[in-house]
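Open the model in your viewer and switch to a cartoon display. The stops below are meant to be selected in order.

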Amino acid sequence: MNKTNVMRLLDVGNVRYEPHEYDENIVNGEQVALAVGEDPNAVFKTLVCYNEKKEHYVFCVPVNGSLDLKKAAKVSHSKFIDLIPQKELLPLTGYIHGGCSPIGMKKQFITFIDETAQLFDTIYISGGKRGLQVEINPLELSEYVKATFVDLLI
């Protein structure tokens, strides 16, 4: 397996992780969870959003959950929060849809992780490309990306 930027950054940061490969054609989060044999509540998707000032934020929520945009706006001290258009994802983050990770974006954005991540010893996040998830301790992930655990789900 070739190391992704996510894996290289975690190695440099001495953050423990376990890579899990699956069919890269699977982009539906719940199918990704099934492919890696995990509870969908422990597999997190990374959503990039913007506010009224065009500031960007990252939200990580379970693949079987939905981001509550009002809660997201409140925790980011914004009037509103909305998902960025998909066409802006690659130029902004360096990642494509289905392979976006909170680790290793072109710029480090303020990041929030749904508080349910703390219920698990390890969670799964994108390894930086389609077909790869990294299993990581949620507290170590939060520390590495300087994220805050908050209630983000509808």
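The tour of this predicted model goes from a sheet to a threonine and then to a pocket.

**Stop 1: the sheet.** Select residues 17-21, which form β1, and 123-126, which form β6. These are the edge strands, each paired on one side only. Now add residues 132-136, strand β7. The three strands make an open sheet in the order β1-β7-β6, and the pairing is antiparallel. On average, neighbouring strands here are turned by 30° against each other, direction ignored.

**Stop 2: the β6 and β7 pair.** Keep these two strands on display; four bridges join them. Which residue of β7 is the bridge partner of I123? Select I136 to see that partner.

**Stop 3: T4.** Go to the segment before α1 (5-12), where T4 lies. Is T4 buried or exposed? T4 counts as buried because its relative accessible area is 10%, under the 20% cut-off. Show side chains and select G127: its backbone oxygen lies 2.7 Å from a polar atom of the T4 side chain. Then add K129 and L132; together with G127 they are the contacts of T4 once neighbours within four places in sequence are left aside.

**Stop 4: the largest pocket.** Select K45, T46, L47, H97 and G98, which lie nearest the centre of the largest pocket. The full lining has 22 residues, and the space inside is about 470 Å³. Colour α2 (29-35) and β2 (44-51), as each supplies at least two lining residues. Of the contributors, β2 gives the most, with five residues.

Terms used:
Residues numbered from 1 in each chain as written. Predicted model: local features only at pLDDT ≥ 70, side-chain atom pairs only at ≥ 80, totals over all residues. Heavy atoms only, no water. Pairing = 2+ DSSP bridges. Axes fitted to C-alpha atoms, helices over the stretch in contact; angles between N-to-C directions. Buried < 20%, exposed > 50% of the residue type's maximum accessible area, 1.4 Å probe, protein only. Polar contact = N/O pair within 3.5 Å; in protein donor to acceptor, adjacent residues only side chain to side chain. Contact = heavy atoms within 4.5 Å. 1 Å grid on protein atoms, 1.4 Å probe; cavity = no way out; pocket = protein on both sides within 12 Å on 5 of 7 lines; lining within 4 Å. Points joined across faces, edges and corners; volume = space filled by probe spheres on them.
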